[in-house]
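Me: Hi, I have a new fold open and want to get my bearings. Can you walk me through it, one bit at a time?

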Amino acid sequence: MAAAPPAFTGNLKKALAGLRRINLDGLRWRVFDAKGQVLGRLASQIATVLQGKDKPTYAPHVENGDMCIVLNAKDISVTGRKMTDKIYYWHTGYIGHLKERRLKDQMEKDPTEVIRKAVLRMLPRNRLRDDRDRKLRIFSGNEHPFHDRPLEPFVMPPRQVREMRPRARRALIRAQKKEQANKAKEEEDVKKAKAEVTA
């Protein structure tokens with residue numbers, strides 16, 4: 001007998017908000033695991049599924065994207081120094097009230113908002129945007145209230161790491177040879193020092 005899924009302990013009202021406004025007939029429920037995934041690469045795949053671009057029936061004026069459930073939002077990763085250098089800006093409407101928050105602080109406050117902003121900013125600004133936003137459900141942990149739905153785990157495509165350019169490869173080889181030469185020279189100096197001590 002299969003083990004029962006863990007009970008959802010989060011805000012159930014927020015998790016189920018707006019579901020009645022979505023026509024769920026024929027929609028797939030795609031599950032994205034954000035653990036260890038790069039933020040932008042994950043967001044671009046989610047945006048593709050939300051728009052229905054992975055279906056042969058895609059049309060830019062028709063909303064036929066699938067439901068997207070994103071888990072483990074708190075374990076998302078970013079490249080470079082974005083965790084400290086990336087800043088979110090917003091204005092309250094009062095004079096001089098331009099607010100800012102770094103990505104690191106936003107991850108501590110609400111990691112789901114980081115993925116939501118990344119995905120929504122990849123979607124076209126048109127009348128279908130709100131419907132696509134309703135189909136996106138993000139959870140900071142691995143618990144969610146949709147275990148009664150036919151869930152399909154989404155497999156992220158493998159990263160295509162570009163081969164190093166010839167000039168960079170030559171520079172890397174030169175650096176490695178130089179490092180080996182320095183090590184050999186240090187070993188010779190150590191041997192000479194030992195020989196002088198014993199003599």
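Reply: Sure. Keep in mind that this is a predicted model. Let's start with Lys 135, which sits in the loop between helix H6 (129-134) and E5.

Me: Is Lys 135 buried or exposed?

Reply: Lys 135 is buried, because its relative accessibility is 5% and the cut-off for buried is under 20%.

Me: What does the side chain of Lys 135 have for polar company?

Reply: A polar atom of that side chain lies 2.8 Å from the backbone oxygen of Gly 65.

Me: And which residues does Lys 135 touch, leaving out those up to four places away in sequence?

Reply: Ile 22, Leu 27 and Leu 50 are among them. So is a run of neighbours: Glu 63, Asn 64, Gly 65, Asp 66, Met 67 and Cys 68.

Me: OK, on to the sheet. What is the strand order in the open sheet of four strands?

Reply: The order is E5-E2-E1-E6, and the pairing is parallel. Strand E5 (136-138) and strand E6 (151-153) are the edges, each pairing on one side only. From one strand to the next, the twist averages 25 degrees.

Me: How many bridges join E1 to E6?

Reply: Three, with strand E1 covering residues 29-33. Arg 30 stands opposite Glu 152 in E6.

Me: Which helix lies across E2 and E5?

Reply: Helix H5 (residues 111-120) does, with E2 spanning 67-71. H5 runs at about 155 degrees to E5.

Me: How do H2 and H5 cross?

Reply: Helix H2 covers residues 39-51, and its axis comes within 8 Å of the H5 axis. They cross at roughly 60 degrees, so H2 is oblique to H5. The crossing is right-handed.

Me: Which residues meet there, between H2 and H5?

Reply: From H2, you get Leu 39, Leu 42, Ala 43, Ile 46, Ala 47 and Leu 50. They meet Val 114, Ile 115, Ala 118 and Val 119 in H5. You have seen Leu 50 before: Lys 135 touches it too.

Me: Last topic. In what sense do E3 and E4 pair?

Reply: Antiparallel, over five bridges. Strand E3 is residues 87-91 and strand E4 is residues 98-102. Ile 87 stands opposite Arg 102 in E4.

Me: How many residues lie between the strands in that hairpin of E3 and E4?

Reply: Six. Look for Gly 93 in this hairpin: it takes a positive phi near 105 degrees.

Definitions and conventions:
Residues numbered from 1 in each chain as written. Predicted model: local features only at pLDDT ≥ 70, side-chain atom pairs only at ≥ 80, totals over all residues. Heavy atoms only, no water. Pairing = 2+ DSSP bridges. Helix = DSSP H or I, 4+ residues; strand = E, 2+ residues; numbered from the N terminus. Axes fitted to C-alpha atoms, helices over the stretch in contact; angles between N-to-C directions. Contact = heavy atoms within 4.5 Å. Buried < 20%, exposed > 50% of the residue type's maximum accessible area, 1.4 Å probe, protein only. Polar contact = N/O pair within 3.5 Å; in protein donor to acceptor, adjacent residues only side chain to side chain. Parallel < 35°, antiparallel > 145°, perpendicular 65-115°, else oblique. Left-handed = near helix turned anticlockwise from the far one by under 90°.
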